[in-house]
2 protein chains.
Amino acid sequence: MARISDVAKHAGVSVATVSRVLAGQPGVSDAARERVLVSVKALDYHPDLAARRLRSGKTDTLGLVVADIRNPYFTEISRAIEDVAYANGMRVLLCNSDEDAEKERFYLDMLRDENVAGVILSPTLSLLSRFRACDYSFPVVLVDRCAPETEADAVVLDNIDAAQRLMRHLIERSSQRIALFYGTASATGLQRLEGYHSALAAAGLTPQTRAIRPTTTEARAALIEHLREHPLPDAVVASSGLILLGLVEALREAGLRCPDDILLAGFDDQPWTRIVTPDITVIAQPTADIGRSAIELLLARIAQPEQAMRRIVLRGELITRASTSRPIQE
Amino acid sequence: MARISDVAKHAGVSVATVSRVLAGQPGVSDAARERVLVSVKALDYHPDLAARRLRSGKTDTLGLVVADIRNPYFTEISRAIEDVAYANGMRVLLCNSDEDAEKERFYLDMLRDENVAGVILSPTLSLLSRFRACDYSFPVVLVDRCAPETEADAVVLDNIDAAQRLMRHLIERSSQRIALFYGTASATGLQRLEGYHSALAAAGLTPQTRAIRPTTTEARAALIEHLREHPLPDAVVASSGLILLGLVEALREAGLRCPDDILLAGFDDQPWTRIVTPDITVIAQPTADIGRSAIELLLARIAQPEQAMRRIVLRGELITRASTSRPIQE
DNA sequence: ACATATAATGTAATCGATTACAAATTCGCC
DNA sequence: GGCGAATTTGTAATCGATTACATTATATGT
């Protein structure tokens, strides 16, 4: 492997000149620059990144900490982030916290050891409750989850509004008893619960909720149990795509038909929600935008560490489908 | 930030002793070791990884290059790989090639610059055709795609066998005209095509295939066109999960019912294949095992660079569901 | 032509660890 | 007590880049 000194020797200049050429700095004659570039090609020189990072103190590396990359919502976000990162000459270390505060701390510590330039984080509930951006040695942008009072750059959906709109959609279709299955592991689930409560209260309806861990299997078991123990609801709603899938499985198993026996709706416009029978009414999240906004926020913060905190709130889109198709009541 | 010299001073020893303690090397008195560990705690010392990597020439970093992390097959594999990697104190840089040989080369070059300890790669067709592990400065393990003659560690499904079994399943159910929609971008699609051809030839049936780029939208368009231009097949088969989704959309749009009008089957047991109506017969791939095997192979190769190449061939599992439920013919 | 400003180049210190080698200490045993 | 071996410890070189500072070459103005 060629080192910078080899290039310098080959080009008949000093290492400083080589370094300046490669860094695109001014103060190098065209002749010297030309010779250096030729030598770099000739020797197939590639700078040692470890040395560069040691000297410069910068790593060109970002961290991304999500609950689980297998959740299509995070998959999509992660892809958008990585594309932008690589396009800007940065790398991304992906970490899965599994909603586990301990794992989350492990990964955040690791990212600090890596001296990352910044981190995009979807925090566990436990961390979010005491989160302060200033507690970290690197800039942090929160994604998907954020409390109203959190002092941090963030990109989130307006969960309360989205949940309210979804509920009003159901209420207009004469649903009286709407059961919500929501994930307790994240702030997102709780905010959607809040929107649900306020919409039902506004309509004078009694809420009916089940708090669960946000997994498909747990959602399925919860609905099956719910159906056994309660009179049939008019509608069931999932606070996330994973939960929605569990509800579909359970309804199928129970032999209930949508929208005739019961209405069904949820969050996350995953591809399969279009092709099941019936296709399902959902709140679609602009996942690619969320990811892109998050990394743009992070890159801006890295460039300008002292600028004011920014929060980007995106609006969910209500996609009406057959699972809630029923005449609208006045 | 505390440096190793600070720890040495605080503990009243030399930097060499501190380094030895931290590396777990022998030849340090218990008293000194104790004092060092206390000082490390007291100063909250964390070694500078850039410096360590510069000096040691090792990076503890792996590369993972897949076509697209949004493909659930790769999502699953990637998660398994990352879990094992972090458990072994390594990091993973994830790269999406989008089946584009140029992007692939860009990322492989970047990983070389990063001086990664090894790479797990699902190669594009173009790269696979001329792939030689010895062309790279780091060990490479192929995953998902591999040619019979490729000289490389690899973890793959027995695609020919799996496709044959799937075809026999359909043929036994009296399908005469079986249309295969296969992805041309990867070796995997072509191997499944091969299995399809041999199974149909053995049964004396005429093949009916459409080569497409492996995306849902393209698959959907292809089937719609196919139905317009050809007499109705007895069965349609997808060579991957993404394609299968497109076929489902198209059948729905055409108003065709499974299994009454036509049989349907494919690859990849994605969660939604269980909940659509009808649920779909598929070849399930042991994705978690594939990922785990791949990184275990890679770690072994890193530890033992000279050992013989190993290829792990896994068997797909045929999961029979309603989309192919029809009486078996003698 | 000379003084001075400006541009180009080079030398050597530096980042923070690891480790070869040398030096110092301790130990066992006669 | 003293000698050699084994253990412990320290000093300084090293990894490969960046960059402050010094120096030399060129340009400008009168």
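DNA strand C is surrounded by 26 residues, the closest being A:Ser14, A:Arg55, B:Ile4, B:Ser19 and B:Tyr45. Here a residue is near a strand if one of its heavy atoms lies within 4 Å of it. Sugar and phosphate make up 64% of the atoms of DNA strand C that come within 4 Å of the protein.

This is a predicted model: local features need pLDDT of at least 70, side-chain atom pairs count only at pLDDT 80 or more, and totals for chains, interfaces and linings use all residues. Residues are numbered from 1 along each chain as its sequence is written, chains are lettered from A and ligands numbered from 1 in the order in which they are written, and side-chain values use heavy atoms, with hydrogens and water left out.

**Polar contacts with the DNA**

A polar contact is a pair of N or O atoms within 3.5 Å; within protein, one must be able to donate a hydrogen and the other to accept it, and residues adjacent in sequence count only if both atoms are side-chain atoms.

| Residue and atom | DNA atom | Distance |
|---|---|---|
| A:Thr17, side-chain N or O | strand C, phosphate oxygen | 3.2 Å |
| B:Tyr45, polar side-chain atom | strand C, phosphate oxygen | 2.7 Å |
| B:Asp48, backbone N or O | strand C, phosphate oxygen | 3.0 Å |
| A:Ile4, polar backbone atom | strand D, phosphate oxygen | 2.4 Å |
| A:Tyr45, polar side-chain atom | strand D, phosphate oxygen | 2.7 Å |
| B:Arg55, side-chain N or O | strand D, base oxygen | 2.5 Å |

**Strand D**

DNA strand D has 25 residues around it; A:Ile4, A:Ser19, A:Arg55, B:Ser14 and B:Arg55 are the closest. Sugar and phosphate account for 64% of its atoms within 4 Å of the protein. Four helices each supply at least two residues of this surface: α2 (15–23) and α4 (49–56) of chain A, and α2 (15–23) and α4 (49–56) of chain B. Helices are DSSP runs (H or I, at least four residues), numbered from the N terminus.

**The two copies**

Chain B lies on chain A with an RMSD of 0.1 Å after a turn of 180° and a shift of 0.0 Å along the axis. The superposition is by least squares on the C-alpha atoms of residues with pLDDT of at least 70 in both. The copies are therefore related as by a two-fold rotation axis. The same surface serves both: 100% of the contact residues of chain B recur in chain A. Contact means heavy atoms within 4.5 Å.

**Cysteines**

The count of disulfides (cysteine sulfur pairs within 2.5 Å) is zero over all chains. For A:Cys146, the closest cysteine sulfur is in A:Cys134, 14 Å away and too far for a bond. A:Cys146 is buried at 5% relative accessibility. A:Cys258 is also buried, at 15%. Buried means under 20% relative accessible area, exposed over 50%, partly exposed in between (1.4 Å probe, protein chains only).
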